[in-house]
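Trainee: I am new to this structure. Please take one part and go through it closely.

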Amino acid sequence: MQIIEGFDLYHKLDALAKEIATTSTPTIIITEHPEYVEDIFFQHTDVLFNIEIKSLINFERDLLVKKHIFNTKIYNTPTLVYNIRHILLTNTFQFFKLSTNPYSLIDEIIKALKLLHENKIPYEDVDNDLTREKLAELKTIDHLLHIDNTYFSLDEVVLDYIDESINEDIYVLGDDYVSLSQRALFTKLDAYTNVTMLLSCDDEERLESVLHHFYEGPYINHHTDQDGIAKHLFDIVPVDRIGEAHVIRGGNYRQEILKVTADIKEKIVKEKAHFSDFMVITKDELYQDYLKTIFDQWHYSHTIEDTTLFYYDPSFIKIKNALPTMQAQTFHDISQALNKLDLNNDYKALLKQFNSDDSITPYEYFYFLVHILSSHQVSEPTHDAIIVTDFHHALSATPKHLYILGLNEGSVPEVISDEGILLEEDFSHMTVRPLSLIERQGLIYMQIIRTLHNPLSSLTLSYSNADMDGKEVMKSTLMSRFEDLYELTEPAISMMIHHEQLYLRGSRLPDHPINEAIDNYIASKNNAVIIDEVYRDRLGKGMSVSRMETYNKCPFQYYLKYGLRIYPTIDDSLKPTELGSLAHYIMEKCLDDPEHVHEHAFDYIHDHLEKKYQANMINKFFIDYLVEDMKVNVRVVRNQLDHDSFTVTGYEQPVQGMFGDIPVGGIIDRVDCFDHYMRIIDYKSGDKDLNLDFAAQGFNIQMLVYLDLLKKETKLDPGAILYYSMKRRILTHAIDKKYTLHSAFDLNKYHAQFTMKGYVIDDEKYTVTYACDITSIPVKLKTNGEPDSHSHIISQEKLDFLMACITDYITDLYEKLRAGNIPIFPTQSDNKNAAIYPCTFCDYKSVCLFDVFYNENKLIKSKYLNTLKEGNENE
């Protein structure tokens, strides 16, 4: 096989066209970009004789037709989804279990099976138990799925029909064919005819060269003057500038698009350019929507496809309305009932495919249909249109004004993530594996490099400073590298080109009914009304400190969760709270019996988690590792207690009473006493600390409230409030660099790794501090024996002041709650502390529709106590 290497695909094809455009030898060029290759060849000949340019799938289909193979079928999505669901229903698996909506799981199974087939990965020869278990179950599904003469891809079929009957010269643009099955196909073709492979690689071992050295044969180097792009775009080597480019900066994504489209319009008018002289690169759907809206307003032709959603299809609406009232419980009965409706023929034919007696509820049948139906995309072909595409398809044989949009971190270049049933860790245990994450990332880099080798009229790069929520976003490292490689200038753009009326700018559409809706929206700030008095009692039922903190974070979130009792859907997997309960149980039982952690743990598992433990290998894995971690935690805590003067007086100790005028109660994980002092300790599965400024404003106050209740109950003085983190640590030590998680555990050497967080309440004699094991509390002593300035020690006076602040704050909060006040008013700290921002991962974001332009955040001050102190001093 002959290999033509080099990153400049355009010039490689141009040189090839000069050589073979008028060949008399039958020739096939295999590419996923046939129009691009044709355009280059037509620059050297008016008519192509003896040369066929086709995609790989068309080449494979033509080959099967020549061999009179007509009954081969490829799995389609509805068939796969339907059959895999049947397999999950009728078989028992550890990893894959049927649920009320199993279609995300089925998607992942389909992806995994396709990956295994495309890369000819065997199910055996794996040196890891977890991976072996997953592959064994996938193998079973694959075997049960088998339908005669049906395959995952044509690559699986065609390989057996390649023989001496193929006598054309074959040229392959190999960058787009990376699976092992495709590479095996081309390798076999080379045994019977002349195959030439065009690859984006060079003599150097580079990240982009994922196919370098895979094919055997002589390499022909094809270098151009633009090789600096390929060599230096993704490194940090200092380089001379290789050209000029424009840069456009947007305040947000929409402003970025407004500037880009204005620049395009100005070029079209001034240069009398055609629409087809412009290529815009973006994969982001939001950007495409903005572009399409503006181009349609201007009546500019473009290649962004119109998407027709099946949700609005009359037949689908009839099915959706009919399903909730159905009593049928099988595919056959539901499909038969639906086919009696007045549906179009396509829907009737689809429903007839699903005729088994497999049980399914009408509720799940709806999700099944939603999953197998696809939105229809329509693009009217036009000769003169602005090309909007992604890097994979961004190839042009004629000079274009090229715009690369969205050069923000995480967006361009696109970041490949490790997700799915089979992960990078699994592939590392296999004898045959697909491309790694790094290699797949390299393919994206290669596509960007290939795009920049297109003949260009101009190059324009753009990025934004913030997203549509006003949150800052960073320009990408690629954009920073463009600044090194190109002499960048910012074009003068007239935003007056856009004449659209935007209500966010205060504009009005005369006599339009939307005006009233906008006025109502602004007046209410998208908020719910005050709760009617008759329902307000329900808001305060079951009051606890944690519920008050939820209300403090966001009243509307509290209303949805505890008022309407809308909870997020939880699957059948092991819950973090269940692991937390197990960890707390072990701490309670084993501090006085550290040698029997395993026995106590599995007593609890048998009583509370046995079904989940036995039914799921992943659950078993997490529980087993937690038990091993807790053996370390029990030894650490036992060691801490052995080195200080406090003794444990209570585990899981209940407290209750009045905090201000609010009845509250709860459970303290551990209470220790020394002399007339008490300290309370909370076990946490993650990291948690006490921020006094945030506590004064109602955040993370649970343990402070419990301390106050316990103080009133016991008449003891508060000595400390501490958080012990039970999460796994990677232990390191300056004098022992070879220590690993598998090394013998030395408690004395690594004891300090388990220092608790929180505060010690002490006087100037530091009585409590010296009574504690100093390495276990957040205090460091200077050489003179006194705590340093960074130690977390507060006086009783400061604690009293803090508790007074908390009492006033929570009392006011409780009064608002009882008054039925539930505005959309989430908190946000002035220092952007993520723990204070409840909208992060909020289950109710789609319900409240928080609008950054009209809704506000309740500001939480990071220096709140200092502000109070200064205010008191001024008074």
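Mentor: What follows is a close look at one helix pair, with the wider setting before it and one loop residue after it.

This is a predicted model, in which local features need pLDDT of at least 70, side-chain atom pairs count only at pLDDT 80 or more, and totals for chains, interfaces and linings use all residues. Residues are numbered from 1 along each chain as its sequence is written, and side-chain values use heavy atoms, with hydrogens and water left out.

Start with the whole. The protein has 32 helices and 24 strands. Both are DSSP runs numbered from the N terminus: helices are H or I with at least four residues, strands are E with at least two. The C-alpha trace spans about 105 × 70 × 70 Å along its principal axes. Of the 875 residues, 47% are buried (under 20% relative accessible area; exposed is over 50%, partly exposed in between, with a 1.4 Å probe and protein chains only).

Now the pair. Two packed helices are described by the angle between their axes and the distance between the axes. Helix 23 covers residues 597–608, and helix 25 covers residues 617–642. Their axes come within 10 Å and cross at roughly 140 degrees. Axes are lines fitted to C-alpha atoms, for helices over the stretch in contact, and angles run from 0 to 180 degrees between N-to-C directions. Helix 23 and helix 25 are therefore oblique to each other. The cut-offs are these: under 35 degrees is roughly parallel, over 145 roughly antiparallel, 65 to 115 roughly perpendicular, and the rest oblique.

The crossing of helix 23 with helix 25 is right-handed (the near helix is turned clockwise from the far one by less than a right angle; anticlockwise is left-handed). Who makes the contact (heavy atoms within 4.5 Å)? Helix 23 brings Val597, His598, Ala601, Phe602 and Ile605. Helix 25 brings Ile623, Asp624, Val627, Lys631 and Val634. By class, that contact has 7 nonpolar, 1 polar and 2 charged residues. Ala, Val, Leu, Ile, Met, Phe, Trp, Tyr, Cys and Pro count as nonpolar, Asp, Glu, Lys and Arg as charged, and the others, Gly among them, as polar.

Last, a loop residue. Thr755 sits between helix 28 (747–750) and strand 21 (757–761). Thr755 is partly exposed, at 30% relative accessible area. Beyond its neighbours within four places in sequence, Thr755 contacts Thr775, Ser776, Ile777 and Pro778. The Thr755 side chain reaches the backbone oxygen of Thr775 at 2.8 Å.

Conventions:
Contact means heavy atoms within 4.5 Å. A polar contact is a pair of N or O atoms within 3.5 Å; within protein, one must be able to donate a hydrogen and the other to accept it, and residues adjacent in sequence count only if both atoms are side-chain atoms.
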